[in-house]
Amino acid sequence: MLQCIVATPLGHAKVQGTDRGVNSIKILDSQKRLSEKIPLELQNCVNQLHEYFSGKRQTFELKLNPEGTEFQKNVWQHLQTIPFGKTTTYLELSRVLGNEKAIRAVANANSKNPLWIVVPCHRVIGSDGSLTGYAGGLQRKAWLLRYEGAIQQQSLF
């Protein structure tokens, strides 16, 4: 498994993958030493993350290889259809997946998403518009949704 640590506006992120695709992108709560050299297999991912944070990219075109159950992978695949600057709810996502009673399972799969930003789990909110749950922290979720124009500052309070 290849990996690197890169800087983002929200902190350092660890990118992991192989020649078969990107397995994981995680935001770190502590500042790790930045990688001096990015493995060739991860350079495209790192470049696209920089483009996203510089406002030059709204969608990602990467070879992904996350580990998870078939159900989780199905949820993660549907997350990628949520457009930049838009949100959906856990209930709406459950309905799209064909079982609105699976809302907790969908929320759980969402929380296990290993591909920060690229698989945009931050675009899923509560049915009441609340910014519920986010592995990277609610302040990061709010920042990302404001950055993408999905929410206005005043809607957070």
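This report describes the overall build, the pockets and the cysteines of a predicted model.

## Overall build

In this predicted model, the chain contains five helices and five strands, and their order along the sequence is β-β-β-α-α-β-α-α-β-α. The radius of gyration of the chain is 15 Å, close to the 15 Å that the globule rule gives for 157 residues, so the chain is as compact as a globular protein of that length. Taken along the principal axes, the box filled by the C-alpha atoms comes to roughly 45 × 35 × 25 Å.

Of the 157 residues of the chain, 45% count as buried. Among contacts with a separation of 6 or more, 55% are made by residues 24 or more positions apart.

## The largest pocket

The largest pocket has a volume of about 260 Å³, and 16 residues line it. Ser-111, Cys-121, Tyr-134, Ala-135 and Gly-136 are the lining residues that lie nearest its centre. Two elements, β3 (21-27) and α4 (103-111), each supply at least two residues of this lining. Sorted by class, the lining of the largest pocket consists of eight nonpolar, five polar and three charged residues.

Two of the residues nearest the centre of this pocket, Ser-111 and Cys-121, can be described further. Ser-111 is found in helix α4 and counts as partly exposed, with a relative accessibility of 44%. In sequence Ser-111 is 22 residues from Gly-133, while in space the C-alpha atoms of the two residues are 7.6 Å apart. Cys-121, by contrast with the partly exposed Ser-111, is buried, with a relative accessible area of 10%.

## The second largest pocket

The second largest pocket has a volume of about 150 Å³ and is lined by 14 residues. Nearest its centre lie Gln-58, Thr-59, Phe-60, Gln-80 and Val-118. The lining of the second largest pocket divides into nine nonpolar, three polar and two charged residues.

## Cysteines

How many disulfides does the model contain? The count comes to zero disulfides, where a disulfide is taken to be a pair of cysteine sulfur atoms within 2.5 Å. Cys-45 is in no disulfide, and the nearest cysteine sulfur to that of Cys-45 belongs to Cys-4, 7.5 Å away. Cys-121 is likewise in no disulfide, and for this residue the nearest cysteine sulfur is that of Cys-45, at 14 Å.

Are Cys-45 and Cys-121 buried or exposed? Cys-45 has a relative accessible area of 1% and is therefore buried, since buried means under 20% relative accessible area. Cys-121, at 10%, is buried as well, and this cysteine is also one of the residues nearest the centre of the largest pocket.

## A backbone feature at Ile-117

Ile-117 has a phi value near 70°, which is positive although the residue is other than glycine. Where in the chain does Ile-117 lie? Ile-117 is found in the loop between α4 and β5 (124-125). With a relative accessibility of 2%, Ile-117 counts as buried, so this loop residue falls under the 20% limit that defines the buried class.

Technical notes:
Residues numbered from 1 in each chain as written. Predicted model: local features only at pLDDT ≥ 70, side-chain atom pairs only at ≥ 80, totals over all residues. Heavy atoms only, no water. 1 Å grid on protein atoms, 1.4 Å probe; cavity = no way out; pocket = protein on both sides within 12 Å on 5 of 7 lines; lining within 4 Å. Points joined across faces, edges and corners; volume = space filled by probe spheres on them. Helix = DSSP H or I, 4+ residues; strand = E, 2+ residues; numbered from the N terminus. Nonpolar A, V, L, I, M, F, W, Y, C, P; charged D, E, K, R; others polar. Buried < 20%, exposed > 50% of the residue type's maximum accessible area, 1.4 Å probe, protein only. Rg over C-alpha atoms; globule rule 2.2 N^0.38 Å. Contact = heavy atoms within 4.5 Å.
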